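Please walk me through the aromatic rings of this protein, with attention to how they pair and where they sit.

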Amino acid sequence: MQSAFVFRRPFADASCRRLAPGLILPLIMVLALCACSKKEKPLDPDRDTASGEMLSEADRAKLGQIASYTPEAIGLVKELVASPDVFVRMMTLTRLERWPRERAITFVLGAAGHDASSLVRAKALALAWRGITQLDREHERFAELIDVTLARLSDSDQAVFELAVQKLEGIEDTGHLSKLVQVIPQVAPERMNLLFRLFCKKDLSREDVQFIVEHERQLGPSGPSCREQVSRAQRLKYVYE
């Protein structure tokens with residue numbers, strides 16, 4: 001028995017040595033793919049050569065001509081934002097990031113409000129809010145920016161919806177939040193929590209308080225903070241009225 005065991009052991013060791021290279025190579029490939037996936041970044045339309053190859057010669061030429069603002073570039077931007085190619089529209093927004101805000105804002109708001117691609121709407125909405133931290137009613141295009149952002153609260157894409165909520169939460173002027181009374185009843189129930197959290201930031205009027213009370217069962221996790229704001233508003237109105 002002992003001699004048979006000694007005879008088989010070298011054979012088994014040799015088999016393992018022969019199989020090891022075949023196992024190591026797939027393992028190395030798997031580890032390499034995992035490392036690459038962690039380092040993967042979104043394509044940069046300005047720097048990635050492969051992405052440039054996705055363009056037609058005509059589109060590449062037009063994008064080159066709108067790299068900075070000129071009166072002549074406006075007509076080209078109108079063509080590019082209407083392109084059926086999502087990649088072209090995204091690259092157009094990248095170019096508009098370099099334009100003076102007052103020259104680009106019309107195209108940016110248009111894309112945020114009407115583009116068929118959620119990727120384009122999200123990029124445009126983020127660009128429209130770029131550099132704006134405290135916005136008041138005297139700011140240029142304030143009403144239009146607010147209206148476009150409020151419209152995105154009904155966006156079919158959850159990421160665009162959450163971006164709109166984030167932008168509206170980031171400013172101190174809460175007067176525009178009165179418009180949420182038209183938006184909230186139309187959204188999916190799972191979105192109401194975020195919208196009530198946003199709505200309850202404002203200085204609540206009697207109408208606001210009534211609206212919240214009527215939607216008591218739909219407050220969700222925002223219930224405690226909203227009820228606190230309602231109680232506060234009711235106390236203040238009792239004192240001053």
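Does tryptophan 99 count as buried or exposed? In this predicted model, tryptophan 99 has a relative accessibility of 5%, and because the cut-off for buried is under 20%, tryptophan 99 counts as buried.

A pair of aromatic rings is described by the distance of the centres and the angle of the planes. The count for this model comes to 3 aromatic pairs. In one of them, tyrosine 69 and tryptophan 99 meet edge-to-face, with 5.2 Å from centre to centre and 75° between the planes. Tyrosine 69 belongs to the loop between α3 (57-65) and α4 (73-81), while tryptophan 99 belongs to the loop between α5 (86-96) and α6 (101-114), so the pair ties together parts that are 30 residues apart in sequence. Tyrosine 69, at 24% relative accessibility, counts as partly exposed, whereas tryptophan 99 is buried.

Another pair is made by phenylalanine 196 and phenylalanine 211, whose ring centres are 6.1 Å apart and whose planes stand at 35°, so this pair is tilted. Phenylalanine 196 lies in helix α11 (residues 192-199) and phenylalanine 211 in helix α12 (residues 206-214), and with these positions 15 residues apart in the numbering the pair links distant parts of the chain. Both phenylalanine 196 and phenylalanine 211 are buried, and together with Phe199 they form one aromatic cluster.

A ring can also face a charge. Here the charged end of arginine 191 sits over the ring of phenylalanine 161, at 4.3 Å from the centre of that ring.

Methods. Residues numbered from 1 in each chain as written. Predicted model: local features only at pLDDT ≥ 70, side-chain atom pairs only at ≥ 80, totals over all residues. Heavy atoms only, no water. Phe/Tyr/Trp six-rings, centres within 6.5 Å; stacked < 30°, edge-to-face > 60°. Helix = DSSP H or I, 4+ residues; strand = E, 2+ residues; numbered from the N terminus. Buried < 20%, exposed > 50% of the residue type's maximum accessible area, 1.4 Å probe, protein only. Lys NZ or Arg CZ within 6 Å of the ring centre and 35° of its normal.
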